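Thanks for coming. I'll put the structure up and then walk through its sheets and helices.

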Amino acid sequence: MADHQTAVHQESSAQEVGDFLRRRREQIAQRWADEALFRTVFTVSRDEAVEAGRAVVEALAAVAVAGRVEDLGAAGFATVRDQLGRMAASRARTGATSARIADEVAALRPAASELLSADLADSPRELAEECAVTLTALLGTLRLVVLETALSAGQELIDRQRLQLLEVATPVIKLWTGVVAVPLIGTLDSARSQVVMESLLDAVVSQQARFAILDITGVPTVDSLVAQHLMKTVAAARLMGAECIVSGIRPAIAQTIVHLGIDLGTVVTRASLADALAYALHRQGIAVVDQDRSGPSAR
Amino acid sequence: MSAPIAGSSGTQVPVLKLGTVLLVTLQGDLYDEAAEQLQRNIGEAIAASSVTGVVIDISGVEIVDSFLGRVFAEVAAHAKLLAAQTVVAGMRPAVAITLVELGLTLPGLRTALNAEEAMRLLSPASTPLHHSPARQESP
């Protein structure tokens with residue numbers, strides 16, 4: 001029975017808050033337009049900020065009337081989610097942290113609650129308190145919605161860029177008839193090295209390449225995992241009948257490999273891509289001749 | 001791989017003798033039973049005729065398991081005892097990746113890009129990889 005009564009109370013207070021928000025929409029929007037969140041996003045005209053504030057207040061009122069004060073997925077928020085996301089994104093672009101944005105959303109509360117307590121000055125004390133609590137909960141939910149929107153936008157960006165990185169960073173280059181090379185750039189993780197391995201082996205088949213060069217000049221660090229991936233690629237290329245050459249091992253990386261105790265003894269290694277190409281040409285019986293001098297030179 | 005139907009010994013792999021080389025072309029899936037049969041056939045063929053090389057063309061094989069990987073290694077070891085060299089030719093990328101992930105890098109096995117290259121590797125007059133006397137580069 002008591003539970004039922006509380007539920008009824010909450011519902012009526014939510015209704016009350018919804019009515020209040022509709023009634024005072026204009027005043028709240030005007031006050032919010034001067035708050036940091038709206039002021040910094042809508043720098044061009046104050047009318048625009050007021051307009052945006054009105055839309056948000058209207059959405060909050062719809063949520064309150066529907067009695068779903070603490071529901072992130074309430075239908076009312078759907079209409080302003082886009083706008084809140086844009087606002088949060090534009091704040092984030094100017095360097096504001098998530099915590100800062102959350103604070104700015106929280107700063108919207110005093111303006112609304114002052115108006116509310118003024119409105120309900122003549123009402124019973126109990127109802128006024130109930131309504132204040134509901135309004136606080138409602139604005140807390142708004143804060144969550146803003147943060148959620150901002151974070152999901154960030155996540156989308158990260159996912160898209162990760163895909164782009166996978167596509168862009170692994171071109172297979174034909175250096176000579178029967179010689180292909182992959183210049184690796186950036187840190188290698190499992191997903192990327194899998195893509196590298198597959199595209200290199202596909203190129204070995206399509207180009208009928210007898211030599212495949214893995215150039216790791218652009219790889220900042222080599223740990224045991226990366227070394228293992230390299231060994232796997234080399235072994236797979238060998239199984240297909242191609243010889244794999246690892247080039248571009250910088251002195252620091254060579255030192256790391258030795259310190260880690262990784263045995264690259266079965267892998268042909270060269271200091272630079274040019275040396276690796278020279279080795280591949282030499283093994284195919286191709287000599288590069290300097291025209292000014294009479295004798296052929298191996299490099 | 002186990003045969004889907006019991007006793008389906010229909011997939012006989014032909015072993016062709018071309019000069020001094022045995023050419024074995026695998027097509028499609030090779031089941032355990034057929035693989036063992038093939039292993040025996042190759043051994044007998046090497047012993048019966050004086051071949052110096054065996055080319056196993058697996059460009060038509062899309063799926064391998066650890067058993068087939070071991071069969072390749074065993075055929076090579078077997079042939080070596082009978083003084084013949086084995087070259088596996090035309091392995092697909094997916095197959096190579098699978099074998100490496102299984103840990104079967106087959107270190108004793110010679111490989112070639114295709115059957116033609118494998119034949120060139122095995123022909124006695126071939127100079128598959130140029131070794132100039134003037135400049136000997138160690139790999």
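What percentage of the 139 residues in chain B is buried? The answer is 42%. Before I go on, please keep in mind that this is a predicted model.

Staying with chain B, the surface it exposes comes to about 7,300 Å². Carbon and sulfur atoms supply 56% of that area. As for contacts, take those in chain B between residues at least 6 apart in sequence: 74% of them join residues at least 24 apart.

Now the secondary structure. Chain B has four helices and five strands, and along the sequence they follow the pattern β-β-α-β-α-β-α-β-α.

How are the five strands of chain B ordered in the sheet? The order is β1-β2-β3-β4-β5, the sheet is open, and the pairing is mixed. At the edges of this sheet are β1, residues 15-18, and β5, residues 110-112, of chain B; each has a single partner strand, so one side of each is left without a neighbour in the sheet. From one strand to the next, the twist averages 25 degrees.

For one pair in detail, look at β3, residues 53-60, and β4, residues 85-89, of chain B. These two run parallel and are joined by five bridges. Within that pair, B:Val55 sits opposite B:Val87 of β4(B). Helix α1 of chain B, residues 32-48, packs on the sheet and touches β1, β2 (21-27) and β3 of chain B. The direction of helix α1 makes about 165 degrees with that of β2(B).

Next, chain A. Here too, five strands form an open sheet with mixed pairing, in the order β1-β2-β3-β4-β5. Which strands stand at the edges in chain A? They are β1 (173-176) and β5 (268-270), and because each has a single partner strand, one side of each has no neighbour in the sheet. Neighbouring strands of the chain A sheet are turned by 30 degrees against each other on average, ignoring direction.

Inside that sheet, β2 (residues 179-185) and β3 (residues 211-218) of chain A pair in the parallel sense over six bridges. A:Val182 stands opposite A:Leu214, which belongs to β3(A).

Two helices of chain A are worth pointing out. Helix α9, residues 190-207, lies across β1, β2, β3 and β4 (243-247) of chain A, and runs at about 165 degrees to β2(A). Helix α12, residues 273-283, packs on the sheet and touches β1, β2, β3, β4 and β5 of chain A. Its direction makes about 155 degrees with that of β4(A).

That's what I have; I'll take questions.

How values were computed: Residues are numbered from 1 along each chain as its sequence is written. Chains are lettered from A and ligands numbered from 1 in the order in which they are written. This is a predicted model: local features need pLDDT of at least 70, side-chain atom pairs count only at pLDDT 80 or more; totals for chains, interfaces and linings use all residues. Side-chain values use heavy atoms; hydrogens and water are left out. Two strands pair if DSSP finds at least two bridges between them. Axes are lines fitted to C-alpha atoms, for helices over the stretch in contact, and angles run from 0 to 180 degrees between N-to-C directions. Contact means heavy atoms within 4.5 Å. Buried means under 20% relative accessible area, exposed over 50%, partly exposed in between (1.4 Å probe, protein chains only). Accessible areas come from the Shrake-Rupley method with a 1.4 Å probe; for residues, only the protein chains shown count as cover.
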